[in-house]
Amino acid sequence: WRSNNTYFTYTLPFAFPLYGGSFTIVYVSTEGFLQFGSNTSADSGSNSKAELAAYRRVAPLWDNLRTNGTGDNIYVDTSVSGQVKIRWDATNEADGSDVNFSVTLLSTGLFRFDYGPGNTALTPTVGISLGNGRAYQTVAGYDGAAALANAASVVFGLAPGFVDIGAYEFRGNSVDATAPTVSATNPAVMDAGGTPGSRISAIHVTFNEEVNPI
């Protein structure tokens with residue numbers, strides 16, 4: 001898989017659950033991410049949070065990369081039952097330096113980002129996305145980091161069927177510039193930050209005024 005600004009189609013050895021979906025096909029981008037459900041823009045090297053949010057992606061190190069330099073390639077390892085490791089040995093187009101990282105998918109839905117030597121002069125997008133334009137998560141300390149040489153691994157574990165629909169943020173307007181405040185919660189323990197070891201099945205929040213998120 002030696003190329004640039006393209007992707008390769010790979011059939012997974014199991015159905016991988018992600019954000020409420022189940023996928024046996026993944027599009028492996030030379031630019032450092034996996035895409036599920038669609039191959040639209042799976043060849044993009046112009047990384048941004050907006051594009052991450054627009055597509056169902058798992059991005060261990062999305063940047064302007066290529067895998068057709070000397071010694072470059074993308075490797076797929078299925079030697080461990082129930083998991084597949086996809087590893088990039090790539091070139092950073094910004095300065096021609098070496099980039100090494102991988103993502104390991106487990107049949108349970110867990111996945112892990114790992115980082116090797118090199119990985120300098122970066123401007124990366126690192127994170128995951130549902131692909132609905134709103135629900136996505138970047139990795140603090142990794143996303144946008146100029147260097148990720150031998151960085152610590154990052155493990156994700158989304159609960160089966162988990163779908164985050166995102167959140168609305170109050171930004172004020174010309175009439176009411178003061179955000180509503182929470183006047184009560186049920187259970188009340190939520191106001192105190194919860195009780196260690198407690199299990200809460202539902203949370204009810206009462207605001208001091210009507211909130212219209214539209």
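This report describes the fold, the charged pairs, the aromatic pairs and some individual residues of one protein chain.

The model is a predicted one, in which local features need pLDDT of at least 70 and side-chain atom pairs count only at pLDDT 80 or more, while totals for chains, interfaces and linings use all residues. Residues are numbered from 1 along each chain as its sequence is written, and side-chain values use heavy atoms, with hydrogens and water left out.

## Overall architecture

The protein chain contains 1 helix and 14 strands, where helices (H or I, at least four residues) and strands (E, at least two) are DSSP runs numbered from the N terminus. Of its 214 residues, 37% are buried; buried means under 20% relative accessible area, exposed means over 50%, and partly exposed lies in between (1.4 Å probe, protein chains only). The chain exposes about 11,100 Å², and carbon and sulfur atoms supply 50% of that area, as computed by the Shrake-Rupley method with a 1.4 Å probe. With contact taken as heavy atoms within 4.5 Å, 53% of the contacts between residues at least 6 apart in sequence join residues at least 24 apart.

An open sheet is formed by 6 strands in the order E1-E2-E3-E4-E10-E11, with antiparallel pairing. Strands E1 and E11 stand at the edges with a single partner strand each, so one side of each has no neighbour in the sheet. Two strands are taken to pair if DSSP finds at least two bridges between them, and E2 pairs with strand E3 (residues 34-35) in the antiparallel sense over 2 bridges. Within this part of the sheet, Tyr 27 stands opposite Gln 35 in E3.

## Charged residues

A salt bridge is a side-chain nitrogen of Lys or Arg within 4 Å of a carboxyl oxygen of Asp or Glu, and the structure holds 3 of them, listed here with the distance between the closest N and O atoms.

| Acidic residue | Basic residue | Closest N and O atoms |
|---|---|---|
| Asp 143 | Lys 49 | 2.7 Å |
| Glu 51 | Arg 57 | 3.1 Å |
| Asp 114 | Arg 112 | 2.8 Å |

Because Lys 49 lies in helix H1 (residues 49-54) and Asp 143 in the loop between strand E11 (136-138) and strand E12 (154-156), their salt bridge ties together parts that are 94 residues apart in sequence. Lys 49 is partly exposed at 39% relative accessibility, whereas Asp 143 is buried at 18%. Glu 51 and Arg 57 are both buried. In the remaining pair, Asp 114 is buried at 15% relative accessibility, while Arg 112 is partly exposed, with a relative accessible area of 27%.

Asp 89, which lies in strand E7 (residues 83-92), is buried but has no salt bridge, the nearest side chain of opposite charge being that of Arg 87 at 4.6 Å. Beyond its neighbours within four places in sequence, Asp 89 has contacts that include Asp 72, Asn 73, Tyr 75 and Asp 98.

Strand E7 also holds Ile 86, which is buried at 0% relative accessibility. Ile 86 and Val 103 are 17 residues apart in sequence, yet their C-alpha atoms are 5.5 Å apart in space. Among the contacts of Ile 86 outside four places in sequence are Val 28, Leu 34, Ile 74 and Phe 101.

## Aromatic pairs

Rings of Phe, Tyr and Trp (its six-membered ring) pair if their centres lie within 6.5 Å, and planes under 30 degrees apart count as stacked, over 60 as edge-to-face and the rest as tilted. The structure holds 12 aromatic pairs. Phe 33 and Trp 62 form an edge-to-face pair, 5.1 Å centre to centre with 65° between the planes. Phe 33 lies in the loop between E2 and E3 and Trp 62 in strand E4 (residues 57-62), so this pair ties together parts that are 29 residues apart in sequence. Both Phe 33 and Trp 62 are buried.

The pair of Phe 113 and Phe 156 is tilted, 5.1 Å centre to centre with 55° between the planes. Because Phe 113 lies in strand E9 (residues 111-115) and Phe 156 in strand E12, the pair ties together parts that are 43 residues apart in sequence. Phe 113 is buried at 0% relative accessible area, and Phe 156 is buried at 6%. Ring pairs link these two residues with Phe 16, Phe 23, Phe 36 and Phe 111 into a cluster.

Methods. Lys, Arg positive; Asp, Glu negative; His and termini not counted.
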